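The following explanation leads through a protein model, from particular side chains to the sheet and the cores. It may be read alongside the sequence and coordinates.

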Amino acid sequence: MTNKDTNGVNMKFASLFSGGGLADLGLHESGMIHAFGVEWKRAESRVYKHVMGDVLNIDVRDSRLPQFIKNHNVDFLWASPPCTEFTPARTRAFDDETANLAIESAKIIGESDVKYAVIENSENMRNYPHFKAIIETLKQYGSVGFKVIDPTGLG
């Protein structure tokens with residue numbers, strides 16, 4: 001795989017809820033160009049900085065983030081909002097504020113005008129109203145297509 005999209009333009013990526021940077025590392029190793037990650041947890045952002053480099057230690061709800069993404073000419077945005085509310089393994093009360101971070105990811109994707117995006121989460125998310133809200137939010141910014149992918153079939 002190369003770092004060029006179908007138009008021959010270099011594909012630059014950024015990530016939200018970047019954690020320690022493992023998804024970013026995979027994207028980078030596939031040939032994409034790393035711009036930055038966004039991770040508000042200090043410990044995770046220190047690991048990310050060691051693994052990938054540039055990391056914004058801010059909350060994704062910061063209203064300046066979509067413009068920052070635009071200013072860095074990001075083509076592809078990877079978002080891994082917390083799955084703790086959507087997983088069937090959840091053992092505590094549902095936290096709507098945490099779950100709404102997935103909807104915030106869709107809003108950032110729309111406002112930042114990226115060409116491509118992935119919101120990675122538990123397949124079980126489809127059973128919550130948040131999934132419909134994500135799709136509706138993305139539709140507000142233009143067309144949207146989605147597919148649930150089972151990673152066990154990817155090799």
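**Aromatic pairs, sheet and cores**

Phe68 has a relative accessibility of 29% and is therefore classed as partly exposed. The model in which this value was computed is a predicted one. Phe36, by contrast, is buried, with a relative accessible area of 3%. Burial requires a relative accessible area under 20%, and the class of partly exposed residues extends from there to 50%, so Phe36 at 3% and Phe68 at 29% are assigned to separate classes.

These two residues form an aromatic pair. A pair of aromatic rings is described by the distance of the centres and the angle of the planes. For Phe36 and Phe68 the centres are 4.9 Å apart and the planes stand at 70°, so the pair is edge-to-face; planes over 60 degrees apart fall into that category. The pair links distant parts of the chain, since Phe36 belongs to strand 2 and Phe68 to helix 3, 32 residues apart. With neighbours within four places in sequence set aside, the contacts of Phe36 include Phe13, Ala14, Ser15, Tyr48, Leu56, Phe68, Ile69 and Val74.

The count of aromatic pairs comes to 4. One of them joins Phe86 and Tyr128, whose ring centres are 5.3 Å apart and whose planes are at 70°, so this pair is also edge-to-face. Phe86 sits in the loop between strand 4 and helix 4, and Tyr128 in the loop between strand 5 and helix 5; the pair therefore ties together parts that are 42 residues apart in sequence. Phe86 has 0% relative accessibility and so counts as buried. Together with Phe94, Phe86 and Tyr128 form one aromatic cluster.

The next topic is the sheet. Strands of a sheet pair through backbone hydrogen bonds, either parallel or antiparallel. Here an open sheet of 5 strands has the order 3-2-1-4-5, and the pairing is parallel. Strand 3 (55-56) and strand 5 (116-119) stand at the edges with a single partner strand each, so one side of each has no neighbour in the sheet.

Strand 1 (residues 12-16) pairs with strand 2 (residues 33-38) in the parallel sense over 5 bridges. Within this pairing, Phe13 has His34 as its bridge partner in strand 2, and Leu16 has Val38. Between these strands the chain passes through helix 1 (residues 22-29), and this β-α-β crossover is right-handed. On the other side of strand 2, 2 bridges join strand 2 to strand 3, and these strands run parallel. Val38 has Leu56 as its bridge partner in strand 3. The chain goes from strand 2 to strand 3 by way of helix 2, again in a right-handed β-α-β crossover. Strand 1 is also joined to strand 4 by 4 bridges in the parallel sense, with Trp78 of strand 4 as the bridge partner of Ser15.

Accessibility describes how these strands are placed. In strand 1, 4 of the 5 residues are buried, so the strand is largely enclosed by the rest of the structure. In strand 2, 5 of the 6 residues are buried, so strand 2 is likewise largely enclosed. Helix 4 (residues 96-112) lies across strand 1, strand 4 (76-79) and strand 5, and runs at about 175° to strand 5.

In soluble globular proteins, nonpolar side chains tend to be buried together. The largest nonpolar core of this model has 27 residues, and those with the most contacts inside it are Leu16, Phe36, Val60, Leu65, Ile69 and Leu77. At least two residues of this core come from each of strand 1, strand 2, helix 3 (65-71), strand 4, helix 4 and helix 5 (129-140). Helix 4 gives the most to this core, with 6 residues. Apart from this core lies another, of 8 residues, among them Met32, Met52, Phe76 and Trp78.

A last residue to consider is Glu44, which lies in helix 2 (residues 42-51). Its relative accessibility is 29%, so Glu44 counts as partly exposed. When neighbours within four places in sequence are left aside, Glu44 is in contact with Gly19, Gly20 and Glu39. Glu44 and Gly20 are 24 residues apart in sequence, while their C-alpha atoms are 5.1 Å apart in space.

Key
Residues numbered from 1 in each chain as written. Predicted model: local features only at pLDDT ≥ 70, side-chain atom pairs only at ≥ 80, totals over all residues. Heavy atoms only, no water. Buried < 20%, exposed > 50% of the residue type's maximum accessible area, 1.4 Å probe, protein only. Contact = heavy atoms within 4.5 Å. Pairing = 2+ DSSP bridges. Axes fitted to C-alpha atoms, helices over the stretch in contact; angles between N-to-C directions. Core = buried A, V, L, I, M, F, W, Y, C linked by side-chain atoms within 4.5 Å. Phe/Tyr/Trp six-rings, centres within 6.5 Å; stacked < 30°, edge-to-face > 60°. Right-handed = clockwise from strand over helix to strand, strands pointing away.
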